[in-house]
Amino acid sequence: MYSSLEQKYQRIQKELMAGVVALVGVLLIGTFWYRFVEGWSWEDAAYMTVITLATVGYGETHPLGDRGRLFTIALILMGVITIGYIVNRFTEAVIEGYFQERIRLQQVRRTMESLSGHYIICGFSRTGRQIAMEFQAEGVCFVIIDSDFESVRKAQEMGYTIYQGDATLDETLLRVGIEKAACIVAALPSDAENLYTVLSAKYLNPGIRAIARASTEEALQKLQRGGADAVISPYITGGKRMAAAALRPQVMDFVDGIISGTDRQLYMEEYLLEPGVCPVVGQTLGQAKLRVQTGALILAIRRTDGNLIGGPTADTVFMPGDVVIAMGTAEQLRALNQLLGPISSKKLRRPKKM
């Protein structure tokens, strides 16, 4: 869905309508002239106007004087100019695929209006493209926002749903269903744009989970103060991962293999334990027997106060609001999902800052 393309097509539509209105005006002018000035009947006046504008070469319906012939010449010129304008606009619309594109835009708009619990990616640069690829591999419903026409074209070629507009504007975010979205990822090139996007998103949907990109330490802190639930600095994160890859290459290969990619055998997932819904709340890990029932491995539990319990033992008690981090195959995690219920980004509590 592209705002600039929509504006362009709306302009063509308005120009076509203006041409049609002008043609109708010329028809009325000619008809009124022959009716009231020449004194013809309505039928003869309308007939003379039509054959004059159509330039079919028929003779005069009734004899005309010099004044009438001069008007007829002017009527022919007005008709040729108006019809030529309409033909020009219509040809441009056909050549540029206006009618087909209009139908496609309407379909995309209906799709966006039906979105709920989706993810929003702001920016389709190299970072945004990688995010989109990961979301697509995970089967996540998402929409992209970008103001650059070339980026929009590339996203369209890759089959993504994209809206061309400024992600920092409330109007743009409303167009992509920010009120019903589960998460927004601000991956714009500018830290200021990412901050504005997070502020706008949190204002329009206070419960949305906001992830932002930061280029500097100062921007990272400001984005956190602005309400971002997680702030990622590519330079800091990249440096840490490169150091880890150098020091612990096998560990990094294993971690990369379970958190990204389309050909994984093992996956990691997180689950929110909701009281009154999750049956294991109040039980210990040993009593719940999640490993026996599903085969999934419980790696960690994050309490509501932000405390992280790594490698929980059989005596660890599941508390209301805990976030359980598990690892296993797709089948094992689906079985665990049926027992615990999937995480809700709107209800996920941010970890306490240490």
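Colleague: Let's start with two helices. Which residues of α9 do Asp-191, Asn-194, Leu-195 and Val-198 of α8 meet?
Modeller: Keep in mind that we're looking at a predicted model. On the α8 side you've got Asp-191, Asn-194, Leu-195 and Val-198, and across from them in α9 sit Ala-219, Lys-222 and Leu-223.

Colleague: How many charged residues are in the contact of α8 with α9?
Modeller: Sort the residues of that contact by class. You get 4 nonpolar and 1 polar, and the charged ones number 2.

Colleague: And how does α8 (191-204) lie relative to α9 (217-225)?
Modeller: The axes are 10 Å apart, and the packing angle is about 10 degrees. Angles under 35 degrees count as roughly parallel. That makes α8, relative to α9, roughly parallel.

Colleague: What about α2 (42-54) and α3 (66-95): what does their angle make α2 relative to α3?
Modeller: Here the axes are 8 Å apart and the angle is about 60 degrees. Roughly parallel needs under 35 degrees, and roughly perpendicular runs from 65 to 115. An angle of about 60 degrees fits neither, which means α2 is, relative to α3, oblique.

Colleague: Which residues of α3 meet α2?
Modeller: Start from α2, which brings Met-48, Thr-49, Thr-52 and Leu-53. By class, the contact of α2 with α3 has 5 nonpolar, 4 polar and no charged residues. The α3 residues in it are Thr-72, Leu-75, Ile-76, Gly-79 and Ile-83.

Colleague: What are α10 (234-247) and α11 (249-259) to each other, given how their axes cross?
Modeller: Their axes come within 5 Å and cross at roughly 125 degrees. Roughly perpendicular stops at 115 degrees, and roughly antiparallel takes over 145. The crossing falls between those cut-offs, so α10 is, relative to α11, oblique.

Colleague: How many residues are charged in the contact of α10 with α11?
Modeller: From α10 come Arg-241, Ala-244, Ala-245, Ala-246 and Leu-247, while α11 adds Pro-249, Met-252 and Asp-256. Of these, 6 are nonpolar and none is polar. The charged ones number 2.

Colleague: On to the strands. Which ones are the edge strands of the open sheet?
Modeller: Read the order of the 4 strands, which pair in the antiparallel sense: β7-β10-β8-β9. An edge strand pairs on one side only. That description fits β7 (267-272) and β9 (308-310).

Colleague: Which residue of β10 is the bridge partner of Leu-272?
Modeller: β7 and β10 (323-328) run antiparallel and are joined by 6 bridges. In one of these pairings, Leu-272 is matched in β10 with Val-323.

Colleague: Which residue of β9 is the bridge partner of Arg-302?
Modeller: β8 pairs with β10 over 5 bridges, and there Arg-302 is matched with Val-323. β8 also pairs with β9, over 3 bridges. In β9, the bridge partner of Arg-302 is Leu-308.

Colleague: Which residue takes a positive phi in the hairpin of β8 and β9?
Modeller: Look between the two strands, where the hairpin has 5 residues. The phi there is near 95 degrees, and the residue that takes it is Gly-306.

Colleague: Last one: over which residues is the pLDDT below 50?
Modeller: The protein chain averages a pLDDT of 86, and 92% of the residues score at least 70. One stretch is below 50, though it has 28 contacts in the model beyond near neighbours in sequence. That stretch is residues 342-354.

Key
Residues are numbered from 1 along each chain as its sequence is written. This is a predicted model: local features need pLDDT of at least 70, side-chain atom pairs count only at pLDDT 80 or more; totals for chains, interfaces and linings use all residues. Side-chain values use heavy atoms; hydrogens and water are left out. Axes are lines fitted to C-alpha atoms, for helices over the stretch in contact, and angles run from 0 to 180 degrees between N-to-C directions. Contact means heavy atoms within 4.5 Å. Ala, Val, Leu, Ile, Met, Phe, Trp, Tyr, Cys and Pro count as nonpolar, Asp, Glu, Lys and Arg as charged, and the others, Gly among them, as polar. Two strands pair if DSSP finds at least two bridges between them. pLDDT is the predictor's confidence in each residue, from 0 to 100.
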